[in-house]
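Thank you for making the time this morning. I would like to walk through one structure with you, going from its strand pairings to its cores and then to its internal space.

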Amino acid sequence: MLKNTLLLLSLLAAHGLGAQTVTGSWFGRADVVAQGNQNNYLTEFILKQKGNEVEGIFGYYFKDSYQSFFIRGTYNKSTRAVHIPNLAMFHYSSNTRNGVECPMNFSGTLMVSQAQSSLKGSFITEPRYKYTCPEIRVNFTLDNEAPQTDVALGNTTPGRKFWKPQQEDVIVSNTPENKPVTATAVLTPDSLVLKPTTIEETASNSLLAKFESRKNIYSQELEIEGDSIRVSFYDNGDVDNDTVSVLLNKSPILVSQELTARALTIYIALDDKKPVSELGMMAENLGKYPPNTALMVVTDGIHRYEMYLSSSLTQNAVVRLRKKKKS
């Protein structure tokens, strides 16, 4: 009887482990497989599994730069194999700001235990680049505390963090005395960066009139703890030339920017005197497959929020940002 009971418990435990998916937030250090090389990447996957398909965000820090992409891949439940193609990663010898990228594919295996879940594998390039872009091995660990804590690299020092944008990034101050500022996207050899430019008053008024002529659909209210936020936009569907403008409290901050799999990122400094701000996304077109859809990721250094926004030529997608009261 005892033997049968132990066998039943073992089978139930095995079934429970086998039922676990790759959904979750994963972090790990990726090391280049090249003789004499010591460079590594701090990486993260934020994955959502739907059957045999996986989608989410891949991000990594390398030297002084952070890159993130919307990704799609596959998961084999029988073998627990994960495959995610089309990842662009800086070459290991790059100085990042003027560096080149290697086209990489991730292949890994989900390992599940009661103590810890891991996703072990490698980033491997296409055969024609194998001598230029060596294999990068990584062992991801599941962050069991997500989404309560910021998982933009779970092995960094815990506690309150503030984003420190690079010189090329846009910082939009949420204060009424500032004139509207937008950004123009420039595709450089290493990344898509944002250059600040001032919008002419006539163009700003025209954009605001178009925004106000449409109905606002409020999708979510976010509680923000930090003094600034990082906002990233991705095309979450098939990349089909969706183009949007973004307004903060009815002031344009991004104008006619095309959404792609690569993050379009802007940093916003929030005004302590303003308890609630509104961030609105307005469709400039409907792309190839209407409506105009985007994945927006908001990070305040403490929390990370993901939401899917949908806008059309008659409706704007709006999110409220509520500053948490300081005790």
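**Strands, cores and a cavity**

Let me begin with a pairing in this predicted model: strand E14, residues 243-248, and strand E17, residues 276-283, run antiparallel to each other and are joined over 5 bridges. Within that pairing, Leu248 stands opposite Leu279, which belongs to E17. On one side of this sheet, if I may put it as a question, which helix packs on the sheet, and what angle does its direction make with that of E17? The helix is H2, residues 201-212, which touches E12, E14, E15, E17 and strand E20 (315-323), and its direction makes about 90 degrees with that of E17.

The sheet itself is open and has 5 strands, in the order E12-E20-E17-E14-E15, with mixed pairing. At its edges are strand E12 (215-224) and strand E15 (251-258), each of which pairs on one side only, and from one strand to the next the twist averages 20 degrees.

Turning to the other strands I want to show, E1 and E2 run antiparallel and are joined by 8 bridges, with Tyr41 in E2 as the bridge partner of Ala30. E2 also runs antiparallel to E3, through 9 bridges, and here Lys50 has Glu53 in E3 as its bridge partner. The hairpin of E2 and E3 has 2 residues between the strands, and in that hairpin Gly51 takes a positive phi near 65 degrees.

Next, the packing of side chains. The largest nonpolar core holds 32 residues, and the members that touch the most others are Phe45, Leu47, Phe58, Phe106 and Phe123. At least two residues of this core come from each of the strands E1, E2, E3, E4, E5, E6, E7 and E8, and the largest share, 6 residues, comes from E5. If we take Phe106 and leave aside its neighbours within four places in sequence, its contacts include Phe45, Val82, Ile84, Leu87, Leu119, Phe123, Val138 and Phe140. A second core, separate from this one, has 26 residues, among them Val231, Ile266, Val298 and Ala317.

Finally, how many cavities of 30 Å³ or more are there? The count comes to 1, and the space in the largest cavity is about 40 Å³. Its lining includes Tyr41, which we met as the bridge partner of Ala30, together with Met89, Phe90, His91, Cys102, Met104 and Ile136, among others. The elements giving two or more residues to that lining are E5 and E6.

How values were computed. Residues are numbered from 1 along each chain as its sequence is written. This is a predicted model: local features need pLDDT of at least 70, side-chain atom pairs count only at pLDDT 80 or more; totals for chains, interfaces and linings use all residues. Side-chain values use heavy atoms; hydrogens and water are left out. A nonpolar core is a set of buried Ala, Val, Leu, Ile, Met, Phe, Trp, Tyr and Cys residues joined through side-chain atoms within 4.5 Å. Buried means under 20% relative accessible area, exposed over 50%, partly exposed in between (1.4 Å probe, protein chains only). Helices (H or I, at least four residues) and strands (E, at least two) are DSSP runs, numbered from the N terminus. Contact means heavy atoms within 4.5 Å. Two strands pair if DSSP finds at least two bridges between them. Axes are lines fitted to C-alpha atoms, for helices over the stretch in contact, and angles run from 0 to 180 degrees between N-to-C directions. On a 1 Å grid over the protein atoms alone, a cavity is a set of points where a 1.4 Å probe fits but cannot get out, and a pocket is an open set with protein on both sides within 12 Å along at least five of seven lines; lining residues have an atom within 4 Å of a point. Grid points are joined across faces, edges and corners, and a volume is the space filled by probe spheres set on the points.
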